[in-house]
Amino acid sequence: MPEKYLFSGSGWRIGWQAHPPKGLIGGDHWGFELTELELIHFCALVSQLQGAIAAIEPELADQEELACTGAIANLRLEVEGVPPTYSWYVCLECAQRQLEGSWPPGAMPELLAAIANLQNLAGFNSDYPPCDDE
């Protein structure tokens, strides 16, 4: 199994390094490293919000905006927009660092596919149980 994975596209990037374990998420003009647990939490939140979006979308009127927020430990994700185009925002707050970034709607389909691919290749999944703040 390779030690590193890096996927990128227009407006997004995501990666994983096995030794020492750390992840990377970013956009065209920003990026930051995540611990292994933070990356697992990020992937879990993405999956949870995708499920929420899928459940809410059928109930929306034409051109009605959707907004969802999810959080695990010190990581928060927000999604907003009019179906099927959503902007995603991420915020990480802990004692050592405070980071935030966002992805434009056009970036999300490819980023979501890359997240699923990364989860499979790196050997972790979105069902990983949340834990207390680090």
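This passage describes the strands, helices, core and unusual backbone positions of a predicted model.

The strands pair in part through hairpins. Strand 3, residues 22–26, and strand 4 run antiparallel and are joined by 5 bridges, and the hairpin that leads from strand 3 to strand 4 passes through 4 residues. Within this pair, G23 stands opposite L34 of strand 4. Strand 4 itself, residues 31–35, has a covered face formed by F32 and L34, whereas G31, E33 and T35 make up its uncovered face. In a regular strand, side chains alternate between the two faces of the sheet. A second antiparallel pair is made by strand 5 and strand 6, between which there are 7 bridges, and here A71 stands opposite R76 in strand 6. The covered face of strand 5 consists of L66, C68, G70 and I72, while A67, T69 and A71 belong to its uncovered face.

Helix 1 has 21 residues and reaches 30 Å from its first C-alpha to its last, close to the 30 Å expected at 1.5 Å a residue. Its buried residues are L37, E38, L39, I40, H41, F42, C43, A44, L45, V46, L49 and I53; of these, C43 has a relative accessible area of 1%. Helix 2, with 15 residues, spans 20 Å between its first and last C-alpha, which is close to the 21 Å expected at 1.5 Å a residue. The residues buried in helix 2 are M108, L111, A114, I115, L118, Q119 and A122. Because these residues cover an arc of only 140 degrees around the axis, they lie on the same side of helix 2. An α-helix has 3.6 residues a turn, so residues three or four places apart point the same way. On the other side of helix 2, P109 and N120 are exposed. The cover over the buried residues of helix 2 includes strand 1, strand 2, helix 1, strand 7 and strand 8, the last of these formed by residues 98–103. Just after helix 2, G123 takes a positive phi of about 85 degrees.

The largest nonpolar core has 39 residues, and those with the most contacts inside it are I14, I25, L39, F42, W88 and W103. Two or more residues are given to this core by each of strand 1 (4–9), strand 2 (12–17), strand 4, helix 1 (36–56), strand 5 (66–72), strand 6 (75–82), strand 7 (85–93) and helix 2 (108–122). Helix 1 gives the most, with 9 residues. In soluble globular proteins, nonpolar side chains tend to be buried together.

One of the core residues, W88, lies in strand 7 and is buried, with a relative accessible area of 3%. When its neighbours within four places in sequence are left aside, W88 is in contact with V46, L49, Q50, I53, L77, E78, V79, G101, S102, W103, M108 and L112. W88 and R76, which are 12 residues apart in sequence, have C-alpha atoms 11 Å apart in space.

As to the cysteines, the count of disulfides comes to 0. A disulfide is a covalent bond between the sulfur atoms of two cysteines. For C68, which counts as buried at 10% relative accessibility, the closest cysteine sulfur is that of C91, at 17 Å, and this is too far for a bond.

Several backbone positions in the loops are also of note. Most residues other than glycine have a negative phi, and most peptide bonds are trans. The peptide bond from H19 to P20, however, is cis, with omega near -15 degrees, and P20 lies in the loop between strand 2 and strand 3. A cis peptide bond also joins P83 and P84, where omega is about 0 degrees; P84 is found in the loop between strand 6 and strand 7. Q63, a residue other than glycine, has a positive phi near 65 degrees; Q63 lies in the loop between helix 1 and strand 5 and counts as exposed at 67% relative accessibility. A73 likewise has a positive phi, of about 50 degrees, although it is not a glycine. A73 belongs to the hairpin of strand 5 and strand 6, which has 2 residues between the strands, and at 32% relative accessibility A73 counts as partly exposed.

How values were computed. Residues are numbered from 1 along each chain as its sequence is written. This is a predicted model: local features need pLDDT of at least 70, side-chain atom pairs count only at pLDDT 80 or more; totals for chains, interfaces and linings use all residues. Side-chain values use heavy atoms; hydrogens and water are left out. Buried means under 20% relative accessible area, exposed over 50%, partly exposed in between (1.4 Å probe, protein chains only). Two strands pair if DSSP finds at least two bridges between them. A nonpolar core is a set of buried Ala, Val, Leu, Ile, Met, Phe, Trp, Tyr and Cys residues joined through side-chain atoms within 4.5 Å. Contact means heavy atoms within 4.5 Å. A disulfide is a pair of cysteine sulfur atoms within 2.5 Å. The expected span of a helix is 1.5 Å times one less than its number of residues. The arc is that of the directions from the helix axis to the C-beta atoms.
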